[in-house]
Amino acid sequence: MDNINQVLLVAGTHGNELSGIYLNKLIKERLYAADRSTFSTHPVIANPKAVEQNVRYVDTDLNRQFSNANNDGTSGLAEYTAARQFIDRHASREQQLIVDLHNTTSNMGATLILLSNDVFYQKMGAYVKQRMPEANILFEDRKPWDEQPYLCTAGKHGVMIEVGAQAHGSLKFETLTLMKQMLTAVLDYVEKHNLKQIKELKDYSAFFYVEEVNVPLDQDGMRIATVHPKICGRDFEVVKQGEPLLATFFGYDVSWEREQDIYPHFINESAYAKANIAMALAEKRLVSVS
C-alpha cells in the first residue's frame with residue numbers, strides 16, 4: 001500500500017462516547033501529540049448535534065450510514081445528512097487513514113477493529129499486539145469494503161478503536177488512557193509503514209466475527225432471558241460447546257451447541273439493547289505475518 005499522508009481522527013460518531021471526544025480535545029490543546037514526521041493528523045467531531053446533547057444519535061445511528069447499499073429510508077434524518085456532509089468534506093482524500101474512536105459499555109478493554117484482512121491491516125494488528133499484548137484485535141471483514149456501513153469505511157482506508165467498559169455519557173481515566181495507548185501504537189505503525197521501517201513482526205492470535213446472539217422475546221416483545229452471569233463481563237473469553245450464553249426466566253439456559261469454540265464480545269452493550277442483541281461471537285485464529 002502507498003504511504004498515508006493524513007490520518008483523520010474522528011470522535012463523536014456516537015455523541016455520548018466521551019473518550020474520543022476528550023482525546024480530540026487533548027489533541028487540539030496540544031496535550032497529546034498525534035502528528036508524525038510523514039503525515040499530519042486532523043481531529044474532527046462527526047456528529048456535533050449528538051455530542052451537544054450527550055446522546056448516541058439524534059435520529060438514527062450515524063455509524064450505520066456509510067454503505068453504498070444503504071437504502072433504508074433514512075434520507076430525511078439528521079444522521080443521513082451528517083453522513084453525506086462527512087463524505088463530501090473528508091472521504092475523497094486518497095492517501096488518508098480514518099481512525100474512528102469509540103467507547104463500549106462492554107468489558108472489551110482496548111480493541112482494534114479491522115474491516116479488511118489485507119496485509120496492511122494484518123501487520124497493523126501485529127504491531128499493535130506487540131506494543132500492547134493485552135489488546136484485542138478483531139477482524140470484521142465479512143462484507144466487501146463498499147458494503148460496510150461504518151464511518152471509517154467512508155474513504156479507502158480506516159479502522160475503529162473501541163475501549164471499555166465505560167458507561168455512555170461518562171468519562172473514565174482508565175479507558176481514556178487505553179485509547180491514547182492504542183492510538184499511539186496505530187500512529188507509530190503508520191509512521192513506520194511510511195518510512196518502510198516495519199521490522200520483523202510476530203504471528204498473533206486475533207478474533208474474527210462470526211454472528212450475533214439475540215435475546216429471545218415473548219409475544220409482547222419483552223425479553224425472556226438475560227446474558228448468563230457466567231459470561232457477563234468476560235468479553236473475549238472462550239465459550240465451549242454446552243456452556244451457557246443466556247439464562248432464561250424459566251430456569252433453563254441457552255447454551256452454545258456447536259463444536260467450534262467461540263469468544264463473546266460486545267456482551268450486554270447497552271447501545272444494542274434496542275435491537276435485543278445480547279452479544280457478538282467471534283472465532284479465534286492465528287494471523288501469520290512472517
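# Exercises on a predicted model

The helices H1 and H5 cross in a right-handed sense (right-handed if the near helix is turned clockwise from the far one by less than a right angle, left-handed if anticlockwise). The model is predicted, so local features need pLDDT of at least 70 and side-chain atom pairs count only at pLDDT 80 or more, while totals for chains, interfaces and linings use all residues. Residues are numbered from 1 along each chain as its sequence is written, and side-chain values use heavy atoms, with hydrogens and water left out.

**Exercise 1.** Describe how the axes of H1 and H5 cross, and list the residues that meet.

Step 1. Two packed helices are described by the angle between their axes and the distance between the axes.
Step 2. The axes of H1 and H5 (residues 173-194) come within 10 Å and cross at roughly 65 degrees. Axes are lines fitted to C-alpha atoms, for helices over the stretch in contact, and angles run from 0 to 180 degrees between N-to-C directions. Helices are DSSP runs of H or I with at least four residues, strands are runs of E with at least two, and both are numbered from the N terminus.
Step 3. On the H1 side, Ser19, Gly20, Leu23 and Leu26 meet Thr175, Leu176, Met179, Lys180 and Leu183 of H5 (contact: heavy atoms within 4.5 Å).

**Exercise 2.** Place Glu17, then find its partners.

Step 1. Glu17 sits in the loop between strand S1 (6-11) and helix H1 (18-28).
Step 2. Because its relative accessible area is 2%, Glu17 is buried (buried: under 20%; exposed: over 50%; partly exposed: in between; 1.4 Å probe, protein chains only).
Step 3. Leaving out residues up to four places away in sequence, Glu17 touches Arg56, His102, Asn103 and His168.
Step 4. The side chains of Glu17 and His102 form a polar contact of 3.0 Å (N or O atoms within 3.5 Å; within protein, one must be able to donate a hydrogen and the other to accept it, and residues adjacent in sequence count only if both atoms are side-chain atoms). A polar side-chain atom of Glu17 also lies 3.0 Å from the backbone nitrogen of Asn103.

**Exercise 3.** Decide whether Cys152 is buried or exposed, and state how many disulfides the structure has.

Step 1. Cys152 counts as buried because its relative accessibility is 0%.
Step 2. Cys232, at 38% relative accessible area, is partly exposed.
Step 3. A search of the whole structure finds zero disulfides (pairs of cysteine sulfur atoms within 2.5 Å).
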